[in-house]
Amino acid sequence: MVAHHERSTARALAERAATWCTEHDVTFWMPAEDADALDLGACASSRPISEADLVLSLGGDGTMLRSVRLLEGAPVPVLGVNLGSLGYLCLLYTSPSPRD
């Protein structure tokens, strides 16, 4: 998971995702930089996100672009969750889509 460092909803959703993954025996980790910024040190890993089966990107377009950059060309799908007002690259929204 890659998450926006300054959105409180990113921390809450990251915690929920980590809990869900643990309950369903799914391996979950975040880059240490993201985990530290969100005070989720237990989720931190130096493991590259290119080893993931899926990257969950919590933030907006900037977070999506950072997720893709961190993948360094690895063919891993990225699911973007927009936490702001616009997010043209994100598939999911935490509130009604601004495009509706």
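Which residues does Asp-34 touch, not counting residues up to four places away in sequence? In this predicted model, the residues that Asp-34 touches beyond that range are Met-1, Val-2, Ala-3, His-5 and Arg-66. Asp-34 lies in helix α2, which spans residues 32-37, and its side chain reaches the backbone nitrogen of Ala-3 at 2.8 Å. Because its relative accessible area is 0%, under the 20% cut-off, Asp-34 counts as buried.

Two of the residues touched by Asp-34, Met-1 and Ala-3, also belong to the largest nonpolar core, where they are listed with Met-30, Leu-40 and Leu-58 as touching the most other members of a set of 14 residues. Helix α1, covering residues 8-23, supplies the largest share of this core, with 4 residues. Apart from this core lies another one of 7 residues, among them Val-2, Ala-52, Leu-71 and Val-76, and Val-2 is likewise touched by Asp-34.

The contacts of Asp-34 and Leu-40 are set out below, in each case without residues up to four places away in sequence.

| Residue | Residues touched |
|---|---|
| Asp-34 | Met-1, Val-2, Ala-3, His-5, Arg-66 |
| Leu-40 | Arg-11, Ala-14, Glu-15, Met-30, Ala-35 |

As to confidence, the chain has a mean pLDDT of 89, and 92% of its residues reach 70 or more. Over residues 96-100, however, pLDDT stays under 50, and for this stretch the model has 7 contacts beyond four places in sequence.

Technical notes. Residues numbered from 1 in each chain as written. Predicted model: local features only at pLDDT ≥ 70, side-chain atom pairs only at ≥ 80, totals over all residues. Heavy atoms only, no water. pLDDT = per-residue confidence, 0-100. Contact = heavy atoms within 4.5 Å. Core = buried A, V, L, I, M, F, W, Y, C linked by side-chain atoms within 4.5 Å. Buried < 20%, exposed > 50% of the residue type's maximum accessible area, 1.4 Å probe, protein only. Helix = DSSP H or I, 4+ residues; strand = E, 2+ residues; numbered from the N terminus. Polar contact = N/O pair within 3.5 Å; in protein donor to acceptor, adjacent residues only side chain to side chain.
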